[in-house]
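Got the viewer open? Grab your mouse and let's take a short walk through this one, chain by chain.

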Amino acid sequence: MIRPHGVLLVFRKDWLEIRRNRAVLFPLILVPLIFAVMLPIVAVTPTLPFQTQVSSQGLLPILKPFPDQVKEEVASMSGQQAIVYFMLLYLFAPVFLMIPIMASSIIASDSFAGEKERKTIEGLLATPLSDSEMLLGKMLVSFLLALITTTASFALYSAVTDYLTIGMFGGKMLFPNELWLTLIFLLAPSLAFADIGLTVLVSARVKGVKEAQQISALFLIPLIATVLGQTSGSMAFDRPLVDLMISVIAVSDIIIFMTAVKTFGRNQILTRLS
Amino acid sequence: MQAVSARQLQRKFGPYTAVDDLTFDVEEGEVFGLLGPNGAGKTTTIRLLSCLISPTAGSAAVCGFEITEEPGKIREMVGVQTENPCLYERLTTFENLDFFAQAFGISNLEDKRQRIRELLEFFNLWDDRDKKVDHLSKGMKQKLALARALVHKPKLLLLDEPTANLDPESAAEVRTMISQLSEREGRTVLLSTHHLEDAEKLCDRVMIVNRGVRVTEGTPQELLESVGDPVVEVTLRNRSTMIANSLRGNAGVKAVALADHQKLVITLDNPDSTTPDLVAAIVRDGGEILSVKPLTPSLEDAYLQLLGRNPV
């Protein structure tokens, strides 16, 4: 039986602990801040040769897999506009998705594995809170913090991008746009939930936080592949791909959550600790 | 009624058997000690009884419920103080108790506050209620861990090494508090320890375990008596060899040994009835007695001897 009171109790306790844990808060604030500020600056600062030399026509081979509407838009731009547009809207999109993964991984890996490291787990397991209440309470903290971090980073990324590019695009603001809103409010939460589910499950089975964090590396592989795929012109991080990812990850979320609830048990946690 | 009734309890971790065929009962209201060296299976037994892990074989009823069938009900009735204090170091003393009070189902705000205050005052921690646990001393953390175990007024208190890693002063304080709790609230306490002082000062009955196996069980007095006959040490002014020889045939005297020529170490059947006759015989034989001292074996002697007799 899952009592909302039990879930919220674990959630509140973990929330309070995380708020006072600088080792968790520091990377949680700093890394997204760097992403949100540095990526737009890198895109609009012409430091690499291709940023100054490539024309919008020269970019078309890379945009081959993209929809015609995107190609037409880019074709009407100057070389620098096209590069900035491509980088900020498409190339950095999968890079930005690393934020929810990183945030959820930091917090979720600290859940059971952190309690084991700090030797507090036995006290928690000795309470009448059910396994599912503990699992959900801990997942909820990670999920909420991952969402807050991602949304705040997106808001900052949009603001910095618009500030830096509004003159270049003749008063037109690049953000927010439909693709990124879908990315931030649908894809990022699904991805974070899957990562949290797996990390918490692993976190209950390993002895330390570092081992638990390694699971998140698995989620980075497809994102890195997407970045490489886009730069080679073999794939597009566009709406159809985002929709496909949302569908696949949503199904994975359900499977991971069901598996987590079914297989998570306090007996296993302490047995592995003994 | 029995607070704990364990039957052939066994727990294996892979090829290693931590607890093997353990059968014992703990009566309601008593303080029962699990005494044994490190690796004896004490912590595993406590974890089994508090439903933190399940047994490989055997059964145990705690507060009338089977550990494998109704672990949730047992957790509600049992207070566990684990080997580590298991406290959240970034939360304050009060916040820790507040969390555990709610986790154990104390939802009424006033009841909860009152219980926390009562416990913190009893353990002299009320003035430190807003301090983060990180800033407390080891002794204070141990007291707070005890308070946490008691927050929901459990029927049975399971204490795993309650005085471990404490300085003698803090250990004595914790020991006094456990004793007061047992007397004042009449709670059943099962504690594990390798400190003989804990067993001697706190426990009504003790079970000695070694490598997961029961060695013996009884009151601390019974354990003392089980390790040998009573001994009396008589110190004489003069040489004692001749007197020792003449005592050897006396009724009630089982053995006489000489220690540094002036001391006789005499093993008796019953010191209460035999000692006066013994003293009279020594005086009759010309012995000038300086002192007569009954030598009581300590629980440590008994413990070491019992463990030595049963090297598993």
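In chain A, residues 24 or more positions apart make up 84% of the contacts with a separation of 6 or more. Keep in mind as you click around that this is a predicted model.

**Stop one: chain A.** Select chain A and switch to a cartoon view. You'll find 14 helices and zero strands. Trace the chain along its sequence and the pattern is just α after α, 14 times over. Now zoom out: the C-alpha atoms of chain A fill a box of roughly 65 × 35 × 30 Å along the principal axes. How many of its residues are buried? Of the 274 residues in chain A, 42% count as buried.

**Stop two: the sheet in chain B.** Hide chain A and select chain B. Here four strands make an open sheet, in the order β2-β1-β4-β5, with antiparallel pairing. Which strands sit at the edges? Those are β2 (16-27) and β5 (65-66) of chain B, each of which pairs on one side only. As a general point, strands in a sheet pair through backbone hydrogen bonds, either parallel or antiparallel.

**Stop three: one end of the sheet order.** Select residues 57-62 of chain B, which is strand β4. Two bridges join β4(B) to β5(B), and the two run antiparallel. For a close-up, pick B:Val62: standing opposite, in β5(B), is B:Phe65.

**Last stop: the helix on the sheet.** Select residues 42-49 of chain B to light up helix α1, which packs on the sheet. Helix α1 of chain B touches β1 (2-13), β2 and β4 of that chain, and its direction makes about 60° with that of β2(B).

Note on methods
Residues numbered from 1 in each chain as written. Chains lettered and ligands numbered in written order. Predicted model: local features only at pLDDT ≥ 70, side-chain atom pairs only at ≥ 80, totals over all residues. Buried ≥ 20, exposed ≤ 12 C-beta atoms within 10 Å, placed from the backbone. Contact = placed C-beta atoms within 7 Å. Pairing = 2+ DSSP bridges. Axes fitted to C-alpha atoms, helices over the stretch in contact; angles between N-to-C directions.
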